[in-house]
Amino acid sequence: MTRDTIRVWYLVHRWTSLICTLFLLMLCATGLPLIFHDEIDLLSGEPDRVATAGAPSSSDAAGLKPLDTMLAKVLANEPGQVPVFMAFDNETPLMTITTAPRPDSRAADMTVHVLNRATGEMTGRESEEGAMHFLLQLHTDMFLGLPGMLFLGLMGFLFFLSLVSGAVLYAPFMRKLKFGTLRVSRSERLRQMDYHNLLGIVALAWMSVVGLTGVINAAATPLRQMWQMGELAEMTRTYAGQPPLPPSRYGSIDKAMAAVRQERPGNSPQFIGFPGGAFSSKHHYAIFLQGTTKLTEHVLTPALVDAERGVLTDIRQMPWYMVGLSYSQPLHFGDYGGLPLKILWAALDLFTLHVLWTGLLLWQGKRRAGTDAHVREVETGGMPVPAE
Amino acid sequence: MTGRRENRVRSAGAVFAAPLVIGVLSLFGLVAALAGEGPADWLSWAALALPVLAVAWAMQRRRS
């Protein structure tokens, strides 16, 4: 690699990193506790989630209360509200019903009710406050809504470019060094450089996957809108000209669910999007079915059921970009392989924080020495460069 | 102590051999837990522990 080539890659690495580092530090710091979201919720103030025996709410096991009964219970407590979502659990009989003033209300105006489908009790409301919720908002969009989300997506993409350029620079830097070299006693700068290189290269694959899936997740809203205006509109084409179905004419959800189960006996629902919301047409219950194996569990298949009559309109595989989005969620959250996977996720998150921090120190430390000095450092594996 | 060996120039293949093994196994680990349970989870943990173990090893053996 010639000095000019190294120089170009060095500049790409410096600038892509500098622009995204502050945001990446925030994302890694907020992401760390979010990895253990479920565990922290269990320990702090959400005891309802602990001891709940019974069949999972996503099943149709005997003994579970009808969905219509559950919804009626919530609506009786929330006069003037309409249902927007119903979501199920694969382990416990707990489920949630989300209500809002209007079918197309903003997420901020929605209320999430937690219910027990085995006992038929309302167990409470999902809290929109608290530290975890704050961290999640900060991590997702910095309280700026869609623009914030897209901005963080862009930062994630710059982070990926800095990973690629960093990996390229690893080659000339390590040319004369053995893998894992840590020169800790010669100078603070050499120590930082070696740790930056080692932690960066061993965590490269993980950082790339978590970074890129974060970028895809940041694009969730436009992807979903694309699906809603494209595939979903296509599935419900025959309803196109009709006025929206008012909530007073919504029919039985159990009947709709039964129609879907008859068509796809093995699949359990993950959630239902009500008419007029972000996940359905203006006339349908959109019942999102999970796959039957662990690999396909995350990929949802929408079944569109006429909300008034309870008759199945269409059921179709998600397009490729929605399948990609489905896999990007677990791969970003690290919540799909038990507690050991979460602990490894946390360790690699700490590695990333360290790489970001040492990167910042390395840039800051010899800023006045100029680009040439830095390029020569990369070229020689950090050998001290005589002053010019 | 190994001054002469350290100065020998290594090829790109040699430089990236260990990182490539760790990277490919990490990707395998990320997918394994997604695809299965039980043994697949164990394989996933083992594969994703590699980056952490590599650093621990380097701190023991390659510190100077």
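I will go through a predicted model with chains A and B, taking the interface, one hairpin, a loop residue and some salt bridges.

First, the conventions. Residues are numbered from 1 along each chain as its sequence is written, and chains are lettered from A, ligands numbered from 1, in the order in which they are written. Since the model is predicted, local features need pLDDT of at least 70 and side-chain atom pairs count only at pLDDT 80 or more, while totals for chains, interfaces and linings use all residues; side-chain values use heavy atoms, with hydrogens and water left out.

Let me start with chain B. It has 3 helices and 0 strands, in the order α-α-α along the sequence. Helices here are DSSP runs of H or I with at least four residues, strands are runs of E with at least two, and both are numbered from the N terminus. Of the 64 residues in chain B, 34% are buried. Buried means under 20% relative accessible area, exposed means over 50%, and partly exposed is in between, with a 1.4 Å probe and protein chains only.

Now the interface. How many residues does each chain bring to the contact? Chain B gives 34 residues and chain A gives 39, where contact means heavy atoms within 4.5 Å. The two chains bury about 3300 Å² between them, and 71% of that is on carbon and sulfur atoms. That area is the accessible area, 1.4 Å probe, that two parts lose on being put together, summed over both. On the chain B side, L30(B), L34(B) and R62(B) lose the most area to chain A, together 20% of what that side buries.

As for polar pairs, 12 residue pairs are in polar contact across the interface, both residues being at pLDDT 80 or more. A polar contact is a pair of N or O atoms within 3.5 Å; within protein, one must be able to donate a hydrogen and the other to accept it, and residues adjacent in sequence count only if both atoms are side-chain atoms. Two elements of chain B, α2 (12–35) and α3 (39–61), give two or more residues to the side that touches chain A. By class, that side has 21 nonpolar, 6 polar and 7 charged residues. Ala, Val, Leu, Ile, Met, Phe, Trp, Tyr, Cys and Pro count as nonpolar, Asp, Glu, Lys and Arg as charged, and the others, Gly among them, as polar.

There is 1 salt bridge between the chains: K294(A) with D41(B), at 3.8 Å, N to O. The rule asks for a side-chain nitrogen of Lys or Arg within 4 Å of a carboxyl oxygen of Asp or Glu.

Next, strand β7 of chain A, residues 301–306. Is this strand buried or exposed? 6 of its 6 residues are buried, so β7(A) is largely enclosed by the rest of the structure. T301(A), A303(A) and V305(A) point one way, and P302(A), L304(A) and D306(A) the other. Strand β6 (residues 284–289) runs antiparallel to β7(A), with 6 bridges, and β8 (residues 312–315) is also antiparallel to β7(A), with 3 bridges. Pairing needs at least two bridges by DSSP. V305(A) stands opposite Y285(A) and also opposite L312(A) in β8(A). β7(A) and β8(A) form a hairpin with 5 residues between them, and G310(A) in the turn has a positive phi of about 75°.

D306(A), at the end of that strand, pairs with R309(A) in a salt bridge at 3.1 Å, N to O. D306(A) is buried at 6% relative accessibility, whereas R309(A) is partly exposed at 47%.

L304(A) leads to T236(A), in the loop between α8 (220–235) and α9 (253–263) of chain A. Leaving aside neighbours within four places in sequence, T236(A) contacts S281(A), H284(A) and L304(A). T236(A) is buried, at 7%.

Last, the salt bridges within chain A; over all chains the count is 15. D372(A) meets R7(A) at 2.5 Å, N to O. D372(A) lies in helix α12 and R7(A) in helix α1, so the pair ties together parts 365 residues apart in sequence. E39(A) meets K342(A) at 3.0 Å, N to O, linking α2 and α11 of chain A across 303 residues. K342(A) is buried at 7%, while E39(A) is partly exposed at 26%. D38(A) joins E39(A) and K342(A) in a network of salt bridges.
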